[in-house]
Amino acid sequence: YNIPEVRQSLLEEVELIVTRPYTAFGPGDRIEVHATLRSSRPKPLKVRSFVLTLHEILSIRLPTQKGIKQNAMTRTRIVHEAKVSINEKIARSEDMRRTIPMIVPAGLVANTIRNGRAIELQYELSVKAVMEGMGDPKVEHLHCILGTVPRARSFDIVKYGSHLSVSIQAD
């Protein structure tokens, strides 16, 4: 759960740095991503918003026929999106920092399935800074794990599970 990650992207002298404190979530959990925008452009830029998107990637491996290997079919869909409006200007050598929160929708997601024989179900986050007068810097492919248990409950399970003791008696 608690694996921090920092990723960055550079577009037209504007750097987007994304930090997240953990990578695993459950239904109803709050995902928080910290976005920092840094400009090296000579003129000020207007930042409209930050957008955090949760993507679901479903890959289905078709059964192979004699001697014919088939590729997996992949479908990507947007599960949820959160937006933080800003509408402020950023000057050269300035930093703009914002926290982008998102609640994991309880009924819209399934468990992450990796290395399955027939299917894989994975989730990724992406962060985009929506700019005025230029392209939008993005940080994509932030892999995350979604499970059936919310973070708070999973800590309880681990805490109570660690207090169990197993005793083996010799007969």
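This is a walk through the strands, core and salt bridges of one predicted model. Residues are numbered from 1 along each chain as its sequence is written, and side-chain values use heavy atoms, with hydrogens and water left out. Because the model is predicted, local features need pLDDT of at least 70 and side-chain atom pairs count only at pLDDT 80 or more, while totals for chains, interfaces and linings use all residues.

Start with the vocabulary of the fold. Strands are DSSP runs of E with at least two residues, numbered from the N terminus. Two strands pair if DSSP finds at least two bridges between them. A residue is buried under 20% relative accessible area, exposed over 50%, and partly exposed in between, using a 1.4 Å probe and protein chains only.

Now take the open sheet. It holds 4 strands in the order β1-β2-β4-β7, with antiparallel pairing. The edges are β1 (5-11) and β7, each of which pairs on one side only. From one strand to the next, the twist averages 20°. Angles here run from 0 to 180 degrees between N-to-C directions, with axes fitted as lines to C-alpha atoms. Inside the sheet, β2 and β4 are antiparallel and share 6 bridges. One register point is Val-18, whose bridge partner in β4 is Ala-35.

The loop between β1 and β2 contains Glu-13. Its phi is positive, about 65°, although Glu-13 is not a glycine. Most residues other than glycine have a negative phi. Glu-13 counts as partly exposed, because its relative accessibility is 44%.

Next comes β8, residues 119-132. This strand is mostly covered, with 11 of its 14 residues buried. It pairs with β5 (residues 45-60) in the antiparallel sense, over 14 bridges. Within that pairing, Leu-52 has Val-127 of β8 as its bridge partner. Strand β8 also pairs with β9 (residues 138-146), again antiparallel, through 5 bridges. There, Glu-124 stands opposite His-143 of β9.

The hairpin of β8 and β9 has 5 residues between the strands. Gly-133 in this hairpin takes a positive phi near 85°. Strand β9 itself contains His-141. That histidine is not a glycine, yet His-141 has a positive phi of about 60°. His-141 is partly exposed, because its relative accessibility is 45%.

What lies between these strands? A nonpolar core is a set of buried Ala, Val, Leu, Ile, Met, Phe, Trp, Tyr and Cys residues joined through side-chain atoms within 4.5 Å. The largest such core has 34 residues, and Leu-37 and Val-127 touch the most other members. Two or more residues come from each of β2 (14-20), β4 (30-39), β5, β6 (73-90), β7 (95-103), β8 and β9. Strand β8 gives the most, with 6 residues. In soluble globular proteins, nonpolar side chains tend to be buried together.

Look closer at Leu-37. Contact means heavy atoms within 4.5 Å. Leaving aside neighbours within four places in sequence, the contacts of Leu-37 include Val-14, Leu-16, Val-47, Phe-50, Ile-90, Met-96, Ala-129 and Met-131. Charged residues also appear on its list, among them Glu-15, Glu-94 and Asp-95.

The charged pairs come last. A salt bridge is a side-chain nitrogen of Lys or Arg within 4 Å of a carboxyl oxygen of Asp or Glu. By this rule the model has 11 salt bridges. One of them joins the side chains of Arg-20 and Glu-5, at 2.4 Å from N to O. This pair spans 15 residues in sequence, from Glu-5 in β1 to Arg-20 in β2. Arg-20 has a relative accessible area of 2%, so it is buried.

Another salt bridge joins Glu-15 and Arg-38 at 3.5 Å, N to O. Glu-15 sits in β2 and Arg-38 in β4, 23 residues apart. Glu-15 is buried, with a relative accessible area of 19%. Arg-38 is partly exposed, with 31%. Asp-95 and Arg-97 form a further salt bridge, their closest N and O atoms 3.5 Å apart. Asp-95 is partly exposed at 34% relative accessibility, whereas Arg-97 is exposed at 56%. Glu-15, Arg-38, Asp-95 and Arg-97 are linked in a network of salt bridges. Two members of that network, Glu-15 and Asp-95, are also in contact with Leu-37.
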